[in-house]
Amino acid sequence: MGRGHMSAGRREWAKQAKRERIMTAARELFAEHGVSGVTTQQIAHRADVAIGTLYLYASTKAELLIMVQNEKFAAAIDVGLASANAAVGQGVGLASANAAVGQGVLEPVVALIRPVVECVREHIENGRTYLHELVFGDPAEPYRQAGLALAGRLENGITGLLTRDAHIGAADAATLARVITAIIHLSTTATVYLHHSDEAVLADIRDQIHATLAPGHAA
């Protein structure tokens, strides 16, 4: 029994090691050449696995990209949430009933989304393809499910920040968070923004969020 247990353990270790090699190869090649400049055969070759083995882990190049980008997206959200909490801890995110709508939560929201925007724009083609695949790909595919769960985590983080504003109720906060994530998506993928710097895109996103938060609730 112990021998069989060890054999199963070794198989699991070998499986995980192959997955890590595939992930590393895909990450490096996508960074070097962009998703359109890489083939699954190249990834398999660099990972030192057969193409059939690679397809056991991801059946398409898009899934490989999602695997890689999910890790980066998750890390960016972690950094953003920590930055937003730090901003709130410094008193930036506390809005009284007499404060202007959105004034107290605007900067924490921007702090949250900054690393996310930088992550998506780190390699423009890869980031645009990743978001496109999440939105328009098969939501039942496991890696897309994981990516969509991350998008939901980002949206929930924004919702939580918005509810700190005395003027914004829970239902409105959830709706506004969906609007803000749509702003992020468009501003990081639209062709008109491709050659803008991260700071320029973030400044534009900040202006859009500010305009979104203030008018309707002020009325």
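Q: Why does R121 count as buried?
A: Buried means under 20% relative accessible area, exposed means over 50%, and partly exposed lies in between, with a 1.4 Å probe and protein chains only. R121 has 8% relative accessibility, which is under that lower limit, so R121 counts as buried.

Q: What kind of model do these values come from, and how are its residues numbered?
A: This is a predicted model in which local features need pLDDT of at least 70 and side-chain atom pairs count only at pLDDT 80 or more, whereas totals for chains, interfaces and linings use all residues. Residues are numbered from 1 along each chain as its sequence is written, and side-chain values use heavy atoms, with hydrogens and water left out.

Q: What makes R121 and D198 a salt bridge?
A: A salt bridge is a side-chain nitrogen of Lys or Arg within 4 Å of a carboxyl oxygen of Asp or Glu. The side chains of R121 and D198 meet at 2.7 Å, N to O, so the pair satisfies that rule. R121 lies in the loop between helix 5 (103-120) and helix 6, while D198 lies in helix 9 (residues 198-218), so the pair ties together parts that are 77 residues apart in sequence. Helices here are DSSP runs of H or I with at least four residues, numbered from the N terminus.

Q: Why does D198 count as partly exposed?
A: Its relative accessibility is 26%, and D198 therefore counts as partly exposed.

Q: How do you know that D78 and R153 form a salt bridge, and which helices hold them?
A: The closest N and O atoms of D78 and R153 are 2.7 Å apart, and the two form a salt bridge. D78 lies in helix 4 and R153 in helix 7, so this pair ties together parts that are 75 residues apart in sequence. D78 is partly exposed because its relative accessible area is 41%, and R153 is partly exposed because its value is 34%. A search of the whole structure finds 11 salt bridges.

Q: Why is the pair of F73 and Y130 called edge-to-face?
A: Rings of Phe, Tyr and Trp (its six-membered ring) pair if their centres lie within 6.5 Å, and planes under 30 degrees apart count as stacked, over 60 as edge-to-face and the rest as tilted. By this rule the count comes to 1 aromatic pair. The rings of F73 and Y130 are 5.9 Å apart, centre to centre, with 85 degrees between the planes, so the pair is edge-to-face. F73 belongs to helix 4 (residues 61-89) and Y130 to helix 6 (residues 124-136), 57 residues apart, and both F73 and Y130 are buried.

Q: How do you know that the span of helix 6 agrees with what is expected?
A: The expected span of a helix is 1.5 Å times one less than its number of residues. For the 13 residues of helix 6 this should be 18 Å, and the end C-alpha atoms are 18 Å apart, which agrees.

Q: Why does L161 count as buried, and which residues does it touch?
A: L161, which lies in helix 7 (residues 142-162), is buried because its relative accessible area is 6%. Contact means heavy atoms within 4.5 Å, and, not counting residues up to four places away in sequence, L161 touches A84, V88, V105, P108, V109 and L112. L161 and V105 are 56 residues apart in sequence, yet 6.3 Å apart in space, C-alpha to C-alpha.

Terms used. Helix = DSSP H or I, 4+ residues; strand = E, 2+ residues; numbered from the N terminus.
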